[in-house]
Amino acid sequence: MKSKSTENLTIKYNELTAYQFIELWETVWGARPSPEQTELAMKNTLFRISVFDGGKIVGMARMLGDLGLDYFIKDVVVRPEYQKMGIGRLLIDELLNFVRKNGVSGTNIFVELCAEPGKIPFYEKFGFDYDESQRLKLMCKAD
Ligand SMILES: CC(C)(COP(=O)(O)OP(=O)(O)OC[C@H]1O[C@@H](n2cnc3c(N)ncnc32)[C@H](O)[C@@H]1OP(=O)(O)O)[C@@H](O)C(=O)NCCC(=O)NCCS
C-alpha cells in the first residue's frame with residue numbers, strides 16, 4: 001500500500017460524523033462506542049479533522065479543550081492500509097496549527113495526549129515528551 005499517494009486525499013474540517021468516527025475506530029480498536037455517546041462527543045469536540053480517499057474515511061483526529069489553558073488530543077487514527085504514508089503527520093500538524101491559531105496570542109499552551117507505549121516514538125517526532133504522570137482510569141456508569 002506504500003504506493004498509494006496522498007495527493008488525491010481530501011481533508012475536511014469539523015465535518016467528521018459519528019458514523020464515520022465509529023467506522024474508522026472499528027478498523028483499529030474493534031468494539032465500537034455507542035452512537036449516542038459518539039454524537040455528543042462530535043458535537044462537543046473543539047476541532048475535528050478527517051481525511052478521505054474518495055468517499056472512504058482514512059484518517060481522523062480530534063482536539064478537546066477549553067481554548068485557554070488546556071488542549072487534549074484524542075482519537076488519532078489512520079486506516080491500517082493507509083498507515084506510513086504521512087497521514088498521521090498531516091493530522092497532528094493540523095491539530096497543532098489549530099492551537100497556534102486559536103490559543104491566546106503570545107502564551108505558552110500545554111497540549112497533552114495519552115499514547116500507547118508503541119506510539120510514543122510517533123508523537124516524539126512532533127516534540128511531545130512524556131513526564132512522570134500516570135494515566136488513572138475509572139469506568140463510571142451513568143444513572
Ligand atoms: C499512530 C498512527 C496514527 C500513525 O499514523 P501514520 O499515518 O502511519 O503516520 P505517518 O506515516 O504520518 O508517520 C509520521 C512519522 O512517524 C513515524 N511513525 C509512524 N508510526 C510510528 C510508530 N508506531 N513508531 C515510530 N514511528 C512511527 C513514521 O515513520 C514517520 O516518520 P518520518 O516522518 O520520520 O518518516 C497510526 O499508526 C494509527 O492510526 N495507529 C492505530 C491507532 C493508534 O494507535 N492511534 C494512536 C493512539 S495513541
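Gly-88 reaches the ligand through its backbone: an N or O atom there lies 2.8 Å from a ligand oxygen atom. With the protein in place, 77% of the 910 Å² of accessible area that the ligand has on its own gets covered. Keep in mind that this is a predicted model.

**Backbone contacts to ligand oxygen**
- Lys-84 also puts a backbone N or O atom by the ligand, 2.7 Å from one of its oxygen atoms.
- At Met-85, a polar backbone atom sits 3.2 Å from an oxygen atom of the ligand.

**Who lines the site**
- The shell around the ligand counts 21 residues, and the closest are Val-76, Val-78, Lys-84, Gly-88 and Arg-89.
- Sorted by class, that shell breaks down into 12 nonpolar, 4 polar and 5 charged residues.
- Four elements each chip in at least two shell residues: α1 (18–29), β4 (70–78), α3 (87–102) and α4 (120–124).

**How α1 packs on α2**
- One of those contributors, α1, packs against helix α2 (residues 35–43) at an angle of about 115°, and their axes are 9 Å apart.
- So α1 ends up roughly perpendicular to α2, given that angles of 65 to 115 degrees count as such.
- As for handedness, the crossing of α1 past α2 is right-handed.

Terms used: Residues numbered from 1 in each chain as written. Predicted model: local features only at pLDDT ≥ 70, side-chain atom pairs only at ≥ 80, totals over all residues. Heavy atoms only, no water. Near = heavy atom within 4 Å. Polar contact = N/O pair within 3.5 Å; in protein donor to acceptor, adjacent residues only side chain to side chain. Areas by Shrake-Rupley, 256 points an atom, 1.4 Å probe, with all protein chains shown as cover. Nonpolar A, V, L, I, M, F, W, Y, C, P; charged D, E, K, R; others polar. Axes fitted to C-alpha atoms, helices over the stretch in contact; angles between N-to-C directions. Parallel < 35°, antiparallel > 145°, perpendicular 65-115°, else oblique. Left-handed = near helix turned anticlockwise from the far one by under 90°.
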